[in-house]
Amino acid sequence: MEPTNTESPEHFHKVVDCQWACPAHTPVPEYIRMIAQGRYADAYMVNWRSNVFPGILGRTCDRPCEPACRRDRVEDQPVAICRLKRFAADNKGDLSDRMPAPAANWNGKTVACVGAGPASLTVARDLAPLGYRVVLFDRDAKGGGMIRSQIPRFRLPEEVIDEEVGFVTALGPELVLNKEVNSLKALLAEPYDAIFVGTGAPRGRDLDVPGRAEAAANIHIGIDWLSSVSFGHIEKIGRRVIVLGGGNTAMDCCRTSRRLGGEDVKVIVRSGFEEMKASPWEKEDAMHEGIPIHNFLVPKSFTHEDGKLTGVWFEKVAWQAGLDGRKALRPTGEPDQHFECDDVLVAIGQENSFPWIERDIGLEFNKWDMPVVGETTFQSTNPKVFFGGDSAFGPKNIIWAVAHGHEAAVSIDLYCRGQDTALRPPPGVTLASQKMGIHEWSYDNDVSLDERRKVPLLETSLALASVKAEVELGFDRELAYAETQRCLNCDVQTVFSAPACIECDACVDICPTDCITFTANGDEAEVRTRLKAPALNLTQDLYVSGSLPTGRVMVKDEDVCLHCGLCAERCPTGAWDMQKFLLTTTQAGGCR
């Protein structure tokens, strides 16, 4: 094996598993330490630079960082990263003197953004301070897109949306609201230097089964229904409600139904419980509010009487192998089941809709009727048009839309300056020793078993009484501090200096996870099997030193290291050091 190139940022970035897993690469341990120090505004600004909407995401993010959290390898529960983000947002104070000012001068370039959701707002946030004139078009009366229209107020209060969208609009982009763009060709004919499409996945999938047309008055498309509730057009629903679907939208639909008069609300899903796309905590919240989830039932028909919906017939299915040996959901042969209801909410997925994009403007579409978009540049086959968020690669979530917006903004800036959009500037990286004495570090490196703190909830009876009463109350300062102490500071890296090593094996003896081995070099697959503890996670690279005087190499399994610093404390020659790795992704303007 070749020695690990620690000059490249990728190795240590992958070791900071939470940051690596975050699409926007938010430096999670950095802001958690700031919260522990009471520096809430600083923690917010670290988040704001990366993910733009800390208060919104602190309540609604799908949390890809948490399954990656190293604490999950010590205990059953990761650090409550997302809820700590919210805590910083709730306690940040006045930031008016910390936000960037609008650009003093126009740089001569104008960019149109279709849709004012998270992807477009991120593009505006990155480009406006560089002097771009950014024009945001949206069919709704306020910016925010699906953040405002589809996430219920009991999860995300409107004042949080107003504040964080306001931080972006304060930078000077022009908002053209209540305006639906119905022709990309017409927009291309206007004097815009680039166009960004961030229209999301605005069309909910329907269900074409017998009885759908006859009972249409009481069968609603989930995302459209949620939007109508958000904008005050719908204020009640029938007593008996069936929600079809197993994603987060279905969870929002069923919980909203409980608050609008639904007393008997059921979620019915064709897949198994573990296979549902909804986040585990979303399912837990629904069940906490008394909403049962029925699995392995496929809707066959709607029943109706005199044009009024009366119920739904379901067929029981199970995973079974076919003649080809492949497992699929197949009927079990059990009797069909009928559930009575007054209303049905269909939340079985979303898809893109581009009827407003003409097919003769040099913009190619693939077989799924999605635009052909560069995975790195987000540029379409019409070089002037860029896509991001759900409109680029299909439905995902807010943090992915933000990540797309950052990358698209880099490409738009390069394109408008006549440079290659494939040029991706490197991130900013620092690696600094945390040594403050012979065996003292500038961070708390004590590793202890400590259960995850639970976020307090509003009493259920009060929560169900209003569609606007926020359910999660957030951490107070005591709970937040206690939760910060569960972070293992995995951005503080164990950095090895081969020339200083005398191969005494002191670090091997003291390592609590047996992640350090001095051994003969060889093929990686073979080396992984003969380490002191076999390195089984192939997705995380080994840390390999250069050849030592005995001909051996030091091999460290980064996957199980707890960053406790005991190796560096025990080392008699200082061959090990604890160094904080901080990576900040390059944003638009960073390549100048």
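Author: In what follows, a salt bridge is a side-chain nitrogen of Lys or Arg within 4 Å of a carboxyl oxygen of Asp or Glu. Keep in mind that this is a predicted model.

Reader: Okay, then why is the pair Arg70 and Asp17 called a salt bridge?

Author: Put the distance next to the cut-off. The closest N and O atoms of Arg70 and Asp17 are 2.5 Å apart, and the rule asks for a distance within 4 Å, so the pair counts.

Reader: What makes Arg70 and Asp17 a tie between separate parts of the chain?

Author: Look at where each one sits. Arg70 is in the loop between α6 (65–68) and α7, while Asp17 belongs to helix α2, so the pair ties together parts that are 53 residues apart in sequence. Both of these residues are buried, too.

Reader: How many salt bridges does the structure hold?

Author: There are 50 of them. Another one brings together the side chains of Glu66 and Arg452, at 3.1 Å from N to O. That pair links distant parts of the chain, with Glu66 in helix α6 and Arg452 in the loop between β17 (428–433) and α17 (460–463), 386 residues apart.

Reader: Why is Glu66 called buried, and what is Arg452 called?

Author: Buried means under 20% relative accessible area, and Glu66 has 4%, so Glu66 passes. Arg452 has 22%, which lies between the 20% cut-off for buried and the 50% cut-off for exposed, so Arg452 is called partly exposed.

Reader: Which residue does Arg73 pair with?

Author: Arg73 forms a salt bridge with Asp559, where the closest N and O atoms are 3.1 Å apart. These two are 486 residues apart: Arg73 is in the loop between α6 and α7, and Asp559 in the loop between β21 (553–557) and α21 (566–570).

Reader: How do you know whether Arg73 and Asp559 are buried or partly exposed?

Author: Same cut-offs again. Arg73 has a relative accessible area of 37%, so Arg73 is partly exposed. Asp559 is at 13%, under the 20% limit, and therefore counts as buried. Salt bridges that share partners join Asp17, Arg70, Arg73 and Asp559 into one network.

Reader: What makes Asp446 count as exposed?

Author: Exposed means over 50%, and Asp446 has 54% relative accessibility, so Asp446 makes the cut. You'll find Asp446 in the loop between β17 and α17.

Reader: How do you know that helix α3 is mostly covered?

Author: Eight of the nine residues of α3 (residues 28–36) are buried. They are Val28, Pro29, Glu30, Tyr31, Ile32, Arg33, Met34 and Ile35.

Reader: What covers those buried residues of α3?

Author: The cover includes helices α2 (17–21), α4 (40–51), α7 (81–90) and α18 (477–484), along with strands β18 (492–496) and β22 (576–584). Following α3 comes Gly38, which has a positive phi, near 80 degrees.

Reader: Let's turn to the domains. Which residues make up each one?

Author: Domain 1 takes in 110–202 + 352–416, and domain 2 covers 204–350. Their centres, taken over C-alpha atoms, are separated by 31 Å.

Reader: How do you know that domain 1 and domain 2 are in contact?

Author: Contact means heavy atoms within 4.5 Å. By that rule twelve residues from domain 1 and 13 residues from domain 2 take part. About 1100 Å² is buried between the two domains, and carbon and sulfur atoms give 50% of that. On the domain 1 side, Gln150, Phe154 and Arg155 lose the most area to domain 2, together 47% of what that side buries.

Reader: Why are Asp252 and Arg155 called a salt bridge?

Author: Their side chains meet at 2.9 Å, N to O, and that is within 4 Å, so the rule is met. Across the interface of domain 1 and domain 2, the rule finds two salt bridges. The interface also has four residue pairs in polar contact. The residues on the domain 1 side that touch domain 2 divide into six nonpolar, two polar and four charged.

Reader: Last one: why is Arg255 called buried?

Author: Arg255 has a relative accessible area of 2%, under the 20% cut-off, so buried is the right word. Arg255 is in helix α13 (residues 248–259). Among the residues Arg255 touches are Phe154, Arg155, Glu282 and Val471.

Methods:
Residues are numbered from 1 along each chain as its sequence is written. This is a predicted model: local features need pLDDT of at least 70, side-chain atom pairs count only at pLDDT 80 or more; totals for chains, interfaces and linings use all residues. Side-chain values use heavy atoms; hydrogens and water are left out. Domain bounds come from an automatic or database domain assignment. Buried area is the accessible area (1.4 Å probe) that two parts lose on being put together, summed over both. A polar contact is a pair of N or O atoms within 3.5 Å; within protein, one must be able to donate a hydrogen and the other to accept it, and residues adjacent in sequence count only if both atoms are side-chain atoms. Ala, Val, Leu, Ile, Met, Phe, Trp, Tyr, Cys and Pro count as nonpolar, Asp, Glu, Lys and Arg as charged, and the others, Gly among them, as polar. Buried means under 20% relative accessible area, exposed over 50%, partly exposed in between (1.4 Å probe, protein chains only). Helices (H or I, at least four residues) and strands (E, at least two) are DSSP runs, numbered from the N terminus. Lists of a residue's contacts leave out its neighbours within four places in sequence.
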